[in-house]
Amino acid sequence: MSAEETEPLIDDAARQQHNEHVSPAGRRPLRSTLFEGRKGKVAAVSAFVVVVVVWWLSLLFVRTLLDGRGDDGEHWPKPGQHSTAGRLPVMGYNTWNYFACDINETVIIETVSELNSLGLAELGYKYMNLDDCWHEPQRSPDGFLVANRERFPSGMNNLTDTIHALGLKAGIYSDSGWYTCQMYPGSYQNEARDAKTFQDWGFDLLKYDNCAEPFDTVIREGMVGKFQRMSEAINDLALASGRTPLIYSLCQWGREQPWLWAREFGQSWRTTTDIGPAWSWMSDIINTNSFITWASDFYGHNDLDMLEVGNGNMTLDEQKSHFTAWALMKSPLLIGTDLRIIANESLEVLSNREIIALNQDPVVGTAISPFRWGINPDWVSNSTHPAQYWSGKSENGTVFMLLNTLDVPSDMFFNLTESPWIRAGRQYAVRDLWTHTDNGTAVRNFTARNVPPHGVVALLLRDVDDEPDGIYPPCAVLEWCTAENGTRYDE
Ligand code: GAL
């Protein structure tokens with residue numbers, strides 16, 4: 001039907017009256033005369049202005065509602081605001097653990113080349129992330145961050161172009177306060193401008209730190225609001241530019257329980273203060289994270305901090321335990337050692353395909369969790385002796401991680417059904433993820449013999465068959481084990 005056809009039909013008399021601005025008694029004009037004549041025009045303009053203002057105010061109101069930001073400046077998380085990027089933990093390299101402030105474009109490109117030539121990029125280590133100290137000490141006169149002219153003479157666009165041309169992605173670092181932790185300019189009150197700068201420079205990821213906190217009277221919001229600011233800047237920029245949002249990696253050292261709120265804003269959040277290259281850091285971080293494993297899943301991950309594999313004097317077993325725990329807890333895996341001189345054994349640790357496959361499981365996003373603490377009673381927090389017996393789901397079976405936190409070798413035993421992911425009455429094929437061997441079938445329980453000090457056993461158990469008949473007792477878990485006729489076996 002055309003617009004013409006929908007016009008009300010007007011008879012000739014009415015049309016006449018209408019044209020003469022006369023309203024016959026008992027009959028209303030079929031068309032309003034409101035907007036005709038000089039007064040009418042003024043009225044028309046005013047009405048138009050009123051309509052526009054009302055329309056604009058309602059848009060503003062709806063936006064305010066959607067933003068979750070009231071006039072009182074209160075912030076709260078916006079459900080579902082995470083980007084579509086970052087479904088799996090990020091894998092790559094970060095400069096801080098080895099180079100600290102001693103970074104420049106040569107080191108970055110050499111590292112990217114190593115990631116390629118050592119086969120690490122192919123294994124998934126795709127991000128080359130710059131940490132602190134890439135900056136000039138001051139913003140430009142018009143307020144923009146500037147790349148350090150001595151360290152990055154070719155500029156950031158050239159750098160990211162090269163990184164991308166070599167098949168990798170690029171990450172950069174900033175801070176939610178006035179300054180970074182090394183006192184370069186932070187992004188506070190410059191969030192939108194800086195997010196755009198990073199995107200314009202070609203970066204794909206932003207690590208966002210927690211130093212140089214503005215005074216309470218300036219900030220008037222908590223940790224959540226402070227990190228929400230950059231999240232909003234990233235989201236707005238993605239909407240405006242139509243480009244993939246920067247992956248947002250929150251780094252506020254686990255302060256104020258980011259595992260409860262950071263998923264709304266970014267793809268990972270640090271859970272602890274800075275890592276160091278020794279076993280005491282590993283066991284401490286594992287201990288803290290043993291209580292919050294539930295927080296990791298697709299799109300949001302507890303970040304156990306950058307890897308120290310290859311640094312300090314950790315034994316090979318300690319490096320294996322470190323890598324296994326990080327990978328299976330679904331932490332980002334960011335290498336932090338000098339790849340130009342990495343020892344073969346450390347490279348092999350970082351290159352364990354079977355462990356990496358679990359970190360990058362496309363089907364199961366959740367982390368392993370402890371099912372028994374071992375040395376300590378369950379749920380006891382102990383940074384020297386964290387939980388020892390862990391399990392979790394995976395695309396290809398049930399994963400077990402056994403950690404020997406003692407300084408001497410030990411045998412480690414568990415009943416299969418201690419793990420919630422194991423079925424009673426079944427037997428399981430055992431795959432050892434460090435020796436890369438199939439180790440027969442486990443029925444009811446498993447013992448790992450002679451696990452080295454601070455060492456790890458990582459197993460993948462695949463359900464293969466019913467357990468053999470006649471195994472006694474009839475239930476692996478004796479509590480209330482009862483025959484159909486009511487006979488109890490646990491008394
Ligand atoms: C710390 C952060 C480290 C590193 C360092 C740079 O706050 O936890 O990972 O980024 O700042 O100054």
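# Briefing: two sheets, a cavity and some unusual backbone

L250 has W269 of β6 standing opposite it. This pair belongs to a predicted model, in which β5 (residues 247-250) and β6 (residues 268-270) run parallel and are paired over 2 bridges. The chain has 491 residues, and 49% of them count as buried. Its secondary structure comes to 15 helices and 16 strands. The points below take the parallel sheet, the cavities, the antiparallel sheet and a few single residues in turn.

**Background on the whole chain**

- Among contacts between residues at least 6 apart in sequence, 70% join residues at least 24 apart.
- Strands of a sheet are paired by backbone hydrogen bonds, and the pairing is either parallel or antiparallel.

**The parallel sheet**

- Eight strands form an open sheet: the order across this sheet of 8 strands is β7-β6-β5-β4-β3-β2-β1-β8, and the pairing is parallel.
- Why is one side of β7 and of β8 left without a neighbour in the sheet? β7 (301-303) and β8 (333-335) stand at the edges and each has a single partner strand, so there is no neighbour on the other side.
- From one strand to the next, the twist of this sheet averages 25°.
- Within the order, β5 sits between β6 and β4, and its pairing with β6 is the one that places L250 opposite W269.

**The cavities**

- A probe the size of a water molecule, rolled over the atoms, shows where empty space is left.
- The count comes to 6 cavities of 30 Å³ or more.
- The largest cavity holds about 160 Å³ of space.
- Which residues lie nearest the centre of the largest cavity? They are S249, S268, D303, P332 and L334, out of a lining of 20 residues.
- Four elements give two or more residues each to this lining: β4 (205-209), β5, β6 and β7.
- Of the elements, β5 gives the most to the lining of the largest cavity, with 3 residues.
- These contributing strands, β4, β5, β6 and β7, all appear in the order of the parallel sheet.
- By residue type, the lining of the largest cavity divides into 10 nonpolar, 6 polar and 4 charged residues.

**The antiparallel sheet**

- A second open sheet has 6 strands in the order β9-β10-β11-β16-β13-β14, with antiparallel pairing.
- Which strands stand at the edges of this sheet? The edge strands are β9 (369-372) and β14 (437-443), and each pairs on one side only.
- Neighbouring strands of this sheet are turned by 35° against each other on average, with direction ignored.
- Helix α13 (residues 316-328) packs on the sheet and touches β11 (397-403) and β16 (456-466).
- The direction of α13 makes about 140° with that of β11.
- β9 pairs with β10 (residues 389-394) over 3 bridges, in the antiparallel sense.
- In this pairing, P370 stands opposite W390 of β10.

**D274 and D305**

- D274 lies in the loop between β6 and α12 (279-290), while D305 is found in the loop between β7 and α13.
- The two residues are 31 places apart along the chain, yet their C-alpha atoms are separated by 7.0 Å.
- Leaving aside residues up to four places away in sequence, D274 touches W96, W253, W281 and D305.
- Is D305 buried or exposed? D305 has 3% relative accessibility, and a residue under 20% counts as buried, so D305 is buried.
- D274 has 43% relative accessibility and therefore counts as partly exposed, because that category runs between 20% and 50%.

**Unusual backbone geometry**

- Most residues other than glycine have a negative phi, and most peptide bonds are trans.
- D305 has a phi near 90°, which is positive in a residue other than glycine.
- W480 is not a glycine either, and its phi is positive at about 60°.
- W480 lies in the segment after β16.
- With a relative accessible area of 58%, W480 is exposed, because exposed means over 50%.
- The bond between Y472 and P473 is a cis peptide bond, with omega about -5°.
- P473 has its place in the segment after β16.

Technical notes: Residues numbered from 1 in each chain as written. Predicted model: local features only at pLDDT ≥ 70, side-chain atom pairs only at ≥ 80, totals over all residues. Heavy atoms only, no water. Pairing = 2+ DSSP bridges. Axes fitted to C-alpha atoms, helices over the stretch in contact; angles between N-to-C directions. 1 Å grid on protein atoms, 1.4 Å probe; cavity = no way out; pocket = protein on both sides within 12 Å on 5 of 7 lines; lining within 4 Å. Points joined across faces, edges and corners; volume = space filled by probe spheres on them. Nonpolar A, V, L, I, M, F, W, Y, C, P; charged D, E, K, R; others polar. Buried < 20%, exposed > 50% of the residue type's maximum accessible area, 1.4 Å probe, protein only. Contact = heavy atoms within 4.5 Å.
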